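Please work through the exercises below with the coordinates open. Each task is followed by a solution in steps.

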Amino acid sequence: MVMGKAKLSKPLIFQSKLLCISLLYLITTLFVALYTSIYPTKCLFRSSPFDPIQTPFFSYPSSYGEHKYVIPTHRSSCSSPIYFSDYWMVLKEILQLCQNSSVSSHALRYMKGNRKNFGGNFSTQKRISYFDLLNDSVEVPCGFFKRFPVSDSDRMAMESCHGVVVVSAIFNDHDKIRQPKSLGSKTLDNVCFFMFVDDITLKGLDHHEVISRNSHEYSVGVWRIIEVSSKDLYDNPAMNGVIPKYLVHRLFPNSKFSIWVDAKLQLMVDPLILIHALVVSEKVDMAISKHPFFTHTMEEALATARWKKWKDVDGLRNQMETYCENGLQPWTPKKPYPSDVPDSALILRKHGLNNNLFSCLVFNELEAFNPRDQLPFAYVRDRMKPKLKLNMFEVEVFEQVALEYRHSLKKDGAAGAGGIPSSKRVSNDLYINSSCCSKCHDYLLEMWGESHN
């Protein structure tokens with residue numbers, strides 16, 4: 001009888017509520033740990049299962065090394081997660097937005113004509129005169145004062161891209177072409193991918209047998225390759241890369257949304273989902289990451305001089321003096337934006353009056369001074385009217401939606417991704433014994449939190 005009763009009693013493991021709860025907690029913790037190890041996107045959440053394309057888009061020759069030198073990230077937590085909607089709902093909504101949007105009567109008008117430079121090379125006061133768009137009849141300078149040197153077939157393909165376009169560029173063979181990951185099954189039917197390259201880059205691709213020069217049109221995986229004859233543009237390859245980066249709305253006049261992806265990045269999230277989460281859902285004109293270290297424009301300028309990202313220090317000083325003289329202020333919490341300095345390697349845009357004006361104005365500043373696009377960012381953003389609706393998302397989100405690689409080349413001793421100095425340590429490189437008398441004197445004192453009498 002005793003043995004019979006023992007067989008009918010509950011196992012000991014279920015007789016303790018505390019033990020049951022502990023086991024449940026342990027199993028849940030192990031599951032979460034396993035999930036996060038397999039899906040390390042701690043800052044990104046999807047509301048439903050997502051089944052991306054698994055087939056490789058391109059098989060690279062082993063000599064090309066497209067996945068060498070990835071830059072690791074070490075952020076273990078996420079304070080500002082973003083939530084991704086269902087892929088099929090996103091696809092439907094983006095397509096509806098693209099179909100329903102038409103050319104507005106308030107569309108930006110562009111200045112035409114022929115000039116020596118592609119961008120027109122306007123004076124400071126002339127550039128400033130376009131910051132406040134009083135009426136939509138004003139023609140704004142926005143490049144293309146010389147023909148953009150691509151083939152007619154490539155130009156037709158660019159103009160035939162409706163909806164969403166993803167754009168990148170490699171000049172001077174400075175990076176590798178990398179394929180995006182996690183694309184949905186219908187994305188390639190609705191998103192265009194264009195990579196702009198110069199002849200030096202094209203020769204490198206041919207050398208590694210990534211493309212064949214015998215063809216008149218090139219493609220590498222999802223990317224259509226657009227050859228640009230840079231001898232007809234700027235001497236500086238970086239400045240030529242600025243053209244597709246900031247004048248994407250002119251190169252692709254029928255596209256409604258765009259994503260600029262620096263060639264050092266590999267996109268890890270479907271572009272439709274990114275546009276929906278960071279632009280459409282936020283009801284903004286543009287989405288861009290905050291800089292991981294700097295908040296003030298002057299911090300970026302000082303670091304640019306210190307680490308020789310641009311060697312013409314006198315030109316940098318003149319640029320910052322011009323901006324301080326014409327209204328550039330340090331960042332404060334009173335500004336409606338969380339930072340004055342972006343990480344512009346990834347830019348998501350809704351094409352329209354505000355975004356297009358901002359892009360044109362920034363391009364004009366880049367042509368006037370140098371291709372370091374973080375320097376005029378806040379200057380243009382804060383002064384322009386109408387105002388830009390901007391989503392400056394957290395760095396931790398940026399690190400989850402894209403992988404970053406080191407550049408293929410180190411040109412002229414340019415600094416790599418070394419330690420980041422404080423603004424005070426590097427200030428003498430840009431303002432040697434002259435900050436007291438410069439037009440940026442008040443800016444520097446306010447940035448450093450020092451009183452000025």
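The exercises go from the whole chain to single elements and residues.

The model is predicted: local features need pLDDT of at least 70, side-chain atom pairs count only at pLDDT 80 or more, and totals for chains, interfaces and linings use all residues. Numbering starts from 1 along each chain as its sequence is written, and side-chain values use heavy atoms, with hydrogens and water left out.

**Exercise 1. The chain as a whole**

Task: Determine the secondary structure content, the share of buried residues and the exposed area of the chain.

Solution.
1. Helices (DSSP H or I, at least four residues) and strands (E, at least two) are runs numbered from the N terminus. The chain has 17 helices and 14 strands.
2. Buried means under 20% relative accessible area, exposed over 50%, and partly exposed in between, with a 1.4 Å probe and protein chains only. Of the 453 residues, 48% are buried.
3. By the Shrake-Rupley method with a 1.4 Å probe, the chain exposes about 23,000 Å², of which carbon and sulfur atoms supply 53%.
4. A contact means heavy atoms within 4.5 Å. Among contacts between residues at least 6 apart in sequence, 86% join residues at least 24 apart.

**Exercise 2. The nonpolar cores**

Task: Identify the residues with the most contacts inside the largest nonpolar core, and the helix that gives the most to this core.

Solution.
1. A nonpolar core is a set of buried Ala, Val, Leu, Ile, Met, Phe, Trp, Tyr and Cys residues joined through side-chain atoms within 4.5 Å.
2. The largest core has 71 residues, and those with the most contacts inside it are Phe-148, Phe-194, Phe-196, Phe-252, Met-298 and Phe-363.
3. Helix α13 (residues 353-368) gives the most to this core, with seven residues.
4. Beyond its neighbours within four places in sequence, Phe-363 is in contact with residues including Phe-118, Tyr-234, Met-239 and Leu-247.
5. A second, separate core has 54 residues, among them Ile-211, Val-261, Leu-346 and Leu-348.

**Exercise 3. Strand β11**

Task: Decide whether strand β11 is enclosed or open, and find which strands pair with it.

Solution.
1. All five of the five residues of β11 (residues 286-290) are buried, so the strand is largely enclosed by the rest of the structure.
2. Two strands pair if DSSP finds at least two bridges between them.
3. Five bridges join β11 to the antiparallel strand β12 (residues 342-350), where Arg-349 stands opposite Met-286.
4. Four bridges join β11 to the parallel strand β13 (residues 390-393), where Asn-391 is the bridge partner of Ala-287.

**Exercise 4. Helix α11**

Task: State how many residues of helix α11 are buried, and what follows the helix.

Solution.
1. Nine of the ten residues of α11 (residues 297-306) are buried, including Met-298, Glu-299 and Glu-300.
2. Lys-308 follows α11, and its phi is positive, near 55 degrees.

**Exercise 5. Two threonines and a histidine**

Task: Classify Thr-201, Thr-322 and His-216 as buried or exposed.

Solution.
1. Thr-201 lies in helix α7 (residues 199-207) and counts as buried because its relative accessibility is 1%. Leaving out residues up to four places away in sequence, Thr-201 touches Ile-170, Phe-171, Asn-172 and Asp-173.
2. Thr-322, in helix α12 (residues 313-325), is buried at 9% relative accessibility. Its side chain reaches the backbone oxygen of Asn-318 at 2.8 Å.
3. His-216, in the loop between α7 and β7 (218-220), is exposed, with a relative accessible area of 77%. His-216 and Ser-151 are 65 residues apart in sequence and 9.6 Å apart in space, C-alpha to C-alpha.

Conventions. Polar contact = N/O pair within 3.5 Å; in protein donor to acceptor, adjacent residues only side chain to side chain.
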